Amino acid sequence: MNTNRLSDSLAKALNDQMTNEAHNAQIYLSYAAWASDKGYDGIANFLFRHSNEERNHMMKFLEYILKRGGKVVVTAIPEPGPDPKSVNDCFEKVFTSEVENTTRIYNIVDMSLQQKDWATWNFMQWFVKEQTEEETMALDLLGKIKKAGGANANDDALYNLDKDLGTTPDDAVLAQDTTVENP
């Protein structure tokens, strides 16, 4: 008896996204190691935490595929790419990576809508919200480095930024969560 509830195309897209989440975890891990090596322990801590978050996303995809009766296909994870050249470059790369991931998430949402796979569409809504949060977080990081001087940030500004990111919460405040009482 076939208990698979995923089309071949959706199963492939979900497996590909599972691998992409693992790749994103490697990117954050690589950038965290780079930041730590440069003495930016607060930035490294922030990036290490986000690496773990991406691994959790990978596990959500893996578990969903299994629960829908699909076959999980574990493949090689691409290399994270070269180290950032600066803190500014690091945050620009983070933003670019998150925007690319959002596009991939939206493609799966669109595919599930077209196939009327409402279970997958519903599952993906969590990731739609998560990507809004991830892009907001990345934009906040870019805003902070811009205030610190961007690519020309001096050591004092980078020291303060590093200290700040060591205690920055992992979740960004989203527009849909704000109210007049809680802007």
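Select Gly39 to begin, a residue just after helix H1 that takes a positive phi of about 90°. Keep in mind throughout the tour that the model on your screen is predicted.

**The whole chain**

Now widen the selection to the whole chain, whose secondary structure consists of five helices and zero strands, so that a reading along the sequence gives the pattern α-α-α-α-α. If you draw a box along the principal axes, the C-alpha atoms fill roughly 65 × 45 × 20 Å. The chain has 183 residues, and 44% of them count as buried. Its accessible surface comes to about 10,100 Å², with 53% of that area belonging to carbon and sulfur atoms. If you colour the charged side chains, you will find 18 positive and 29 negative ones, and the centres of these two sets lie 5 Å apart. When contacts between residues at least 6 apart in sequence are considered, 81% of them join residues at least 24 apart.

Next, colour the chain by confidence: the mean pLDDT is 94, and 95% of the residues reach 70 or more. Confidence is highest in helix H1, at 98, and lowest in helix H5, at a mean of 93.

**Helix H1 and Asn15**

Select residues 8–37, which make up helix H1. The 30 residues of H1 should span 44 Å at 1.5 Å a residue, and the end C-alpha atoms are 43 Å apart, which agrees with that expectation. Is H1 mostly enclosed or open to the outside? Of its 30 residues, 21 are buried, so H1 is largely enclosed by the rest of the structure.

Within helix H1, pick out Asn15, which is buried because its relative accessible area of 6% falls under the 20% cut-off. Which residues does Asn15 touch, apart from its neighbours within four places in sequence? Show Ile65, Lys71, Val72 and Val73, since Asn15 is in contact with these. You can also draw a distance from Asn15 to Gln114, which is 99 residues away along the chain, and the two C-alpha atoms will be separated by 18 Å.

**Helix H2**

Move on to residues 41–67, which form helix H2, with 27 residues. From its first C-alpha to its last, helix H2 reaches 39 Å, close to the 39 Å expected at 1.5 Å a residue. Just after H2 you can select Gly69, which takes a positive phi of about 80°.

**Helix H3 and Asn88**

Select residues 87–114 for helix H3, whose 28 residues should span 40 Å at 1.5 Å a residue; the end C-alpha atoms are 41 Å apart, which agrees. Inside helix H3, choose Asn88, which counts as buried at 13% relative accessibility. Beyond its neighbours within four places in sequence, Asn88 is in contact with Ile145, Gly150 and Ala151. A line drawn between the C-alpha atoms of Asn88 and Leu141 gives a separation of 9.0 Å, although the two residues are 53 apart along the chain.

**The loop with Lys116, then helix H4**

Between H3 and helix H4 there is a loop, and Lys116 is found in this loop. What is there to notice about the backbone of Lys116? Its phi is near 55°, a positive value in a residue other than glycine. Lys116 is exposed, because its relative accessible area of 60% is over the 50% cut-off.

Continue into helix H4, which covers 118–147, and select Lys146 there. Lys146 is exposed as well, with a relative accessible area of 68%. Bring back Asn88 for a moment, because it offers a useful check: Lys146 and Asn88 are 58 residues apart in sequence and 7.9 Å apart in space, C-alpha to C-alpha.**Helix H5 and Asp162**

For the last stop, select residues 155–166, which are helix H5, and choose Asp162 within it. Is Asp162 buried or exposed? At 11% relative accessibility, Asp162 counts as buried. Show the residues that Asp162 contacts, leaving aside neighbours within four places in sequence, and you will have Gly39, Tyr40, Asp41, Gly42 and Ile43 on the screen. Gly39, where the tour began just after H1, is thus one of the contacts of Asp162. Finally, draw a distance from Asp162 to Met124: these residues are 38 apart in sequence, and their C-alpha atoms are 33 Å apart in space.

Conventions. Residues are numbered from 1 along each chain as its sequence is written. Side-chain values use heavy atoms; hydrogens and water are left out. Helices (H or I, at least four residues) and strands (E, at least two) are DSSP runs, numbered from the N terminus. Buried means under 20% relative accessible area, exposed over 50%, partly exposed in between (1.4 Å probe, protein chains only). Contact means heavy atoms within 4.5 Å. Accessible areas come from the Shrake-Rupley method with a 1.4 Å probe; for residues, only the protein chains shown count as cover. Lys and Arg count as positive and Asp and Glu as negative; His and the chain ends are not counted. The place of a charge is taken as NZ of Lys, CZ of Arg, CG of Asp or CD of Glu. The expected span of a helix is 1.5 Å times one less than its number of residues. pLDDT is the predictor's confidence in each residue, from 0 to 100.
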